[in-house]
Amino acid sequence: MSNTHPSRAADLPAADPARAGGRGTRPDGTPSGGHEAGAVWLVGLRHRAGSGVLVHHYYVVAGTIAGVDALHRARWWAAQPAECLLRGDAAVDGTWAEVRRLIRDTLGRFRLAARTG
């Protein structure tokens, strides 16, 4: 998912303009300047399916400077009614998340940054 998430919700948490190089934000909360204003992140959340199996659900979040901001947005998206419906109303496990930066090379290909910690 990206900043063009199907929910098109107007109440997406706004990015902090000071953290985006002093730029303003668009109505959807992304910093002006799009991807250049921030990094692209892959954020994994998980929930337990009705059968008891753990299911990992990943979001691509663009336009944020820090991984914690990307995690906040992914959790916000996961709480939206359409996303809850897709999960069968299963609650997201708030004790686990994977946040990895996506690095774009000069040819425009993405790769995952190395894990930290």
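Select Y59 and W77: both residues are buried. Keep in mind that this model is predicted. Y59 and W77 are our way in.

**The ring pair.** Show the side chains of the two residues. A search of the whole structure finds 1 aromatic pair. Its members are Y59 and W77, and they are stacked. Their ring centres lie 6.3 Å apart, with 25° between the planes. Two values are used here because a pair of aromatic rings is described by the distance of the centres and the angle of the planes. Which parts of the chain does the pair link? Y59 belongs to strand 2 and W77 to helix 1, 18 residues apart.

**The sheet.** Now select the strands. You should find an open sheet of 4 strands, in the order 2-1-3-4, with antiparallel pairing. Look at the edges: strand 2 (54-64) and strand 4 (110-112) each pair on one side only. From one strand to the next, the twist averages 30°.

**Helix 1.** Add residues 67-78. This is helix 1, and it packs on the sheet. It touches strand 1, strand 2 and strand 3 (98-104). Its direction makes about 125° with that of strand 2. Try a ruler on the helix. At 1.5 Å a residue, its 12 residues should span 16 Å, and the end C-alpha atoms are 16 Å apart, so the two agree. Next, colour the buried residues of helix 1, among them A70, L71, A74 and W77. What covers them? The cover includes strand 1, strand 2, helix 2 (81-86) and strand 3.

**Strand 1.** Move to residues 39-48, which make up strand 1. Is this strand mostly covered or mostly open? It is mostly covered, with 9 of its 10 residues buried. Strand 1 pairs with strand 2 over 10 bridges, and with strand 3 over 5 bridges. Both pairings are antiparallel.

Click on L42 to see a partner on each of these strands. In strand 2 the bridge partner of L42 is V60; in strand 3 it is R100.

**W41 and its charge.** Step back to W41. Opposite W41, in strand 2, stands V61. Now add R101. Its charged end sits over the ring of W41, 5.8 Å from the ring centre.

**The turn.** Finish at the hairpin formed by strand 1 and strand 2. There are 5 residues between the two strands. Select G52 in the turn: its phi is positive, about 95°.

Methods: Residues numbered from 1 in each chain as written. Predicted model: local features only at pLDDT ≥ 70, side-chain atom pairs only at ≥ 80, totals over all residues. Heavy atoms only, no water. Pairing = 2+ DSSP bridges. Axes fitted to C-alpha atoms, helices over the stretch in contact; angles between N-to-C directions. Contact = heavy atoms within 4.5 Å. Expected span 1.5 Å × (residues − 1). Buried < 20%, exposed > 50% of the residue type's maximum accessible area, 1.4 Å probe, protein only. Phe/Tyr/Trp six-rings, centres within 6.5 Å; stacked < 30°, edge-to-face > 60°. Lys NZ or Arg CZ within 6 Å of the ring centre and 35° of its normal.
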